[in-house]
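Biologist: I would like to understand how the words we use for a structure are earned. Could we go through some of them together?

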Amino acid sequence: MTVRVLVWRAALLALALAGWEVWARAMNPLLYVPPSAVAPALGRLLALESYPELPASLLLTLREIAVAYAMAIAAGLGCGFALGLNRVVGRAYGPVVGALYAVPAVVWYPSLMLFFGLGAASKIAFGFLLGFFPITLAVLAGIRQVNPHMIAVARAFGARPPVVFVKVMLPAMMFTLVGGLRTGLALTVIGVIVGEVLGSREGMGTLINHAYGLFRTADYVALVLVTLVLVVGSDAVAGLVERRAQRWTE
Amino acid sequence: MTDLIVVDRVGKRYQSTSGPVEALRDVSLAVGAGEFCTLIGPSGCGKSTLLGMIGGLVAPDAGRVAVDGRPVTAPDPRRVATVFQDPGLFPWRTTLENVEFGLEVQGVARERRRAVAADLLGPLGLRDFGTKYPRELSGGMRQRVAIGRALAIDTPIVLMDEPFGALDEQTRLLMGEWLLGIWRRTRKTVVFVTHSLHEALALSTRVVVMTARPGRIKSVLELPMAYPRVMESSEMVALRAQLWGEVRDESLRAMGDA
């Protein structure tokens, strides 16, 4: 990245912060939280003064995300390949997956709370639900993308179906697959955090709700910033993996 | 000469959206070891289908195909290697990795197969391109990689389905000369599909002319003359006219049919 791009970005950020500061002071500093109030709140948060349970909450949220994502990968890959590699199963159930994906997932959340309670299980279930569909659909799209001629070539060289799968299909669909895994991770993170905000006793969502509910808006923004780092960080790692796959496939 | 490939009264029908299509009818052909046998004929005459049957990728509806005395039921990479018109290289593999694909499928150890592939780069004219990816190669180079992939498994038979069909004419002529050199050195049995009269006459020991759909064998032209052939000689010019006469009739029928 060139220095010039970085300078332009820094300038935009500085301008936005300055504008926000002026505007918030002119309006109501309690509701609009100027950056000058957020910075000390962030300091207190990171020093574990305002919310000493921050590390435990962060860890819990991360654990929920990890479990939900692992389940979404396993189920998404399993369903995707079952639907994509078997014509009959794919015809029978493929449209159902597409239709379910179109339903705004948040309508399921109340029933997930009823099934799994207020604890981590309902958050994991919701994160799983959100992450599962993009992964499944990416597998299906990836399978459709594999050039049948390459499969014929591999067969001509004596490759049996398992070998064709590993040496031709997987590499040919890798880019789409990794893209789906990245989207799945982003949605799993959203699912877990939204689940926590909608109702929970522990985790980052609970802290955010608490600060917000008590009008500790500076603390609230600081917590959101920490959560943002978590989300952006996980997506950056996924993006790195995606670029590697891209270099490998194209 | 023993017949390495025997095609015995094969037929094939396909289901298309506009009803059944008869691609091949009652085709019999024997190819001896070391021959360069070329199939020529109008588009859709079943040349590729016939090649697919010999390679074990297409099952005949009628008749049988045998290679080296054994009936063909599936691809047999120990006897037959295939080069397709679309080179079908794996874009995520380098030249070397593409060339060694067949050996990898056969479970040959990594160092062994890498050595075989590396030795082929010279004859393929790809010495400096071993670590390049297909997207970095020209069309002619890609097709040479595909040919290298077929040569690497060192089968007695190589099937080539219009390997130079997508190349420009000059590249095509050079590739033909190059292939001739390879074939004369390795003495493999080649079954070659082409639309090019020039390629058929310059390369083959025998040219088989096929009819318009349903594909049958119309005539066979033996070409015993030595290589490299002077295509401007009166003998070759006359043969070219004769071959064009036969192919032209069938192409006209195929066009009228379509």
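Modeller: Happily; we will take chain A and then a sheet in chain B, keeping in mind that this is a predicted model.

Biologist: What makes chain A more spread out than a compact globule?

Modeller: Set two values side by side. The radius of gyration of chain A is 22 Å, and the globule rule gives 18 Å for 250 residues. The value is well over the rule, so chain A is more spread out than a compact globule. Its C-alpha atoms fill a box of roughly 70 × 55 × 30 Å along the principal axes.

Biologist: Which elements build chain A, helices or strands?

Modeller: Chain A has eleven helices and zero strands.

Biologist: How do you know that domain 1 and domain 2 of chain A touch?

Modeller: A contact needs two C-beta atoms within 7 Å. Six residues from domain 1 of chain A and five from domain 2 of chain A take part, so the two domains do touch by that cut-off. On the domain 1 side, α1 (3–26) and α2 (29–32) of chain A each give two or more residues. That side has five nonpolar residues, no polar ones and one charged.

Biologist: Why do β2 and β5 of chain B count as edge strands?

Modeller: The open sheet runs β2-β1-β4-β5 in chain B, with antiparallel pairing. Strands β2 (19–32) and β5 (70–71) each have a single partner, so one side of each is left without a neighbour in the sheet.

Biologist: How do you know that β1 and β2 of chain B are paired?

Modeller: Pairing asks for at least two bridges. Strands β1 (3–16) and β2 of chain B share ten, in the antiparallel sense, so they count as paired.

Terms used:
Residues are numbered from 1 along each chain as its sequence is written. Chains are lettered from A and ligands numbered from 1 in the order in which they are written. This is a predicted model: local features need pLDDT of at least 70, side-chain atom pairs count only at pLDDT 80 or more; totals for chains, interfaces and linings use all residues. Helices (H or I, at least four residues) and strands (E, at least two) are DSSP runs, numbered from the N terminus. Ala, Val, Leu, Ile, Met, Phe, Trp, Tyr, Cys and Pro count as nonpolar, Asp, Glu, Lys and Arg as charged, and the others, Gly among them, as polar. The radius of gyration is taken over C-alpha atoms; the globule rule is 2.2 Å times the number of residues to the power 0.38.
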